[in-house]
Structures are given as C-alpha cells and as structure tokens.
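Below are my notes on this model, set out as numbered points. Please read them alongside the sequence and the coordinates.

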Amino acid sequence: MAGASVLVWLAVSVVIGREASLEVFFGMFGPLLVACATWVMAERTYRRDPKVLTGLMVAAFAFKLVFFGAYVAVMLRIVG
C-alpha cells in the first residue's frame with residue numbers, strides 16, 4: 001500500500017505538475033500513516049490476545065473519526 005501510494009504520488013506529480021504535488025502527498029500521507037499504524041496495532045493485539053481485538057478496533061475507529069476531521073481541517077487551512 002505504501003509503495004502504491006508513492007507510485008501514484010509520483011505519477012500525479014508528473015501528469016499534473018509540481019503545483020499539486022504537495023497537496024497530493026499530504027492528502028495520501030495521513031490516511032496511509034493511520035492505516036499502517038492500525039495494521040501494526042491489530043497484528044500485535046491479535047497475537048497477544050485475540051479477544052481484545054474488537055475493543056481495539058472500536059477505539060481505533062473512534063480515534064480515526066477525530067483524527068481525519070482534524071487532519072482535513074489542518075490540510076485545508078495550511079496546505080490548501
């Protein structure tokens with residue numbers, strides 16, 4: 001997923017130009033970072049105690065709701 005994101009970002013940078021390159025990068029960086037962190041946390045939790053995984057995923061979903069709302073607001077204000 002990280003490799004595909006980098007390839008898409010490079011392709012967009014070439015096709016659209018350097019003007020939109022920064023916006024596309026940061027638009028993909030936040031969601032990619034959170035998705036990778038969720039995968040790592042879910043894997044570690046499942047190996048340790050599979051019964052706890054559902055609670056972790058619910059908490060991660062609540063965190064993502066707040067994070068993405070704040071992330072979009074910051075990106076629109078700073079990067080945009």
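1. S5 counts as buried because its relative accessibility is 17%, where buried means under 20% relative accessible area, exposed over 50%, and partly exposed in between (1.4 Å probe, protein chains only). S5 belongs to helix 1, residues 2-16; helices here are DSSP runs of H or I with at least four residues, numbered from the N terminus. Apart from neighbours within four places in sequence, S5 is in contact with M28 and L32, contact being heavy atoms within 4.5 Å.

2. On provenance: this is a predicted model, in which local features need pLDDT of at least 70 and side-chain atom pairs count only at pLDDT 80 or more, while totals for chains, interfaces and linings use all residues. Residues are numbered from 1 along each chain as its sequence is written, and side-chain values use heavy atoms, with hydrogens and water left out.

3. How do helix 1 and helix 2 cross? Their axes come within 9 Å and cross at roughly 165°, helix 2 being residues 21-48. The axes are lines fitted to C-alpha atoms, for helices over the stretch in contact, and the angles run from 0 to 180 degrees between N-to-C directions. Helix 1 and helix 2 are therefore roughly antiparallel, the class for angles over 145 degrees (under 35 is roughly parallel, 65 to 115 roughly perpendicular, the rest oblique). Helix 1 passes helix 2 in a right-handed crossing: the near helix is turned clockwise from the far one by less than a right angle, whereas anticlockwise would be left-handed.

4. The residues that make this contact are A2, S5, V8, W9, V12 and S13 on helix 1, and S21, V24, F25, M28 and L32 on helix 2. By class, the contact of helix 1 with helix 2 has 8 nonpolar, 3 polar and no charged residues. For these classes, Ala, Val, Leu, Ile, Met, Phe, Trp, Tyr, Cys and Pro count as nonpolar, Asp, Glu, Lys and Arg as charged, and the others, Gly among them, as polar.

5. S21, in helix 2, is buried, with a relative accessible area of 11%. Leaving out neighbours within four places in sequence, S21 touches W9 and S13. A11, by comparison, sits in helix 1 and counts as partly exposed at 40% relative accessibility. The C-alpha atoms of A11 and S21 are 9.6 Å apart, with their positions 10 residues apart in sequence.

6. The axes of helix 2 and helix 3 (residues 53-79) come within 11 Å and cross at roughly 165°. That makes helix 2 roughly antiparallel to helix 3, and their crossing is right-handed. On the helix 2 side, the contact involves E23, F26, G27, F29, G30, P31, V34, T38, M41, A42, T45 and Y46, and on the helix 3 side L53, L56, M57, K64, F67, F68, Y71, M75 and V79. By class, the contact of helix 2 with helix 3 has 15 nonpolar, 4 polar and 2 charged residues.

7. Which residues of helix 3 are buried? L56, A60 and Y71 are buried there. Helix 2 is included in what covers the buried residues of helix 3. L76, also in helix 3, counts as exposed at 63% relative accessibility. From L76 to V8 the C-alpha distance is 21 Å, for a sequence separation of 68 residues.

8. M41 lies in helix 2 and, at 40% relative accessibility, counts as partly exposed. M41 and L53 are 12 residues apart in sequence, and their C-alpha atoms are 9.1 Å apart.

9. How many salt bridges does the structure hold? There is 1 salt bridge, defined as a side-chain nitrogen of Lys or Arg within 4 Å of a carboxyl oxygen of Asp or Glu. R47 forms a salt bridge with E43, with 2.6 Å between the closest N and O atoms. Side chains of opposite charge can pair when their charged atoms come close. R47 and E43 are 4 residues apart in helix 2, so about one helical turn separates them. R47 is exposed, with a relative accessible area of 67%, and E43 counts as partly exposed at 39% relative accessibility.

Methods: Helices (H or I, at least four residues) and strands (E, at least two) are DSSP runs, numbered from the N terminus.
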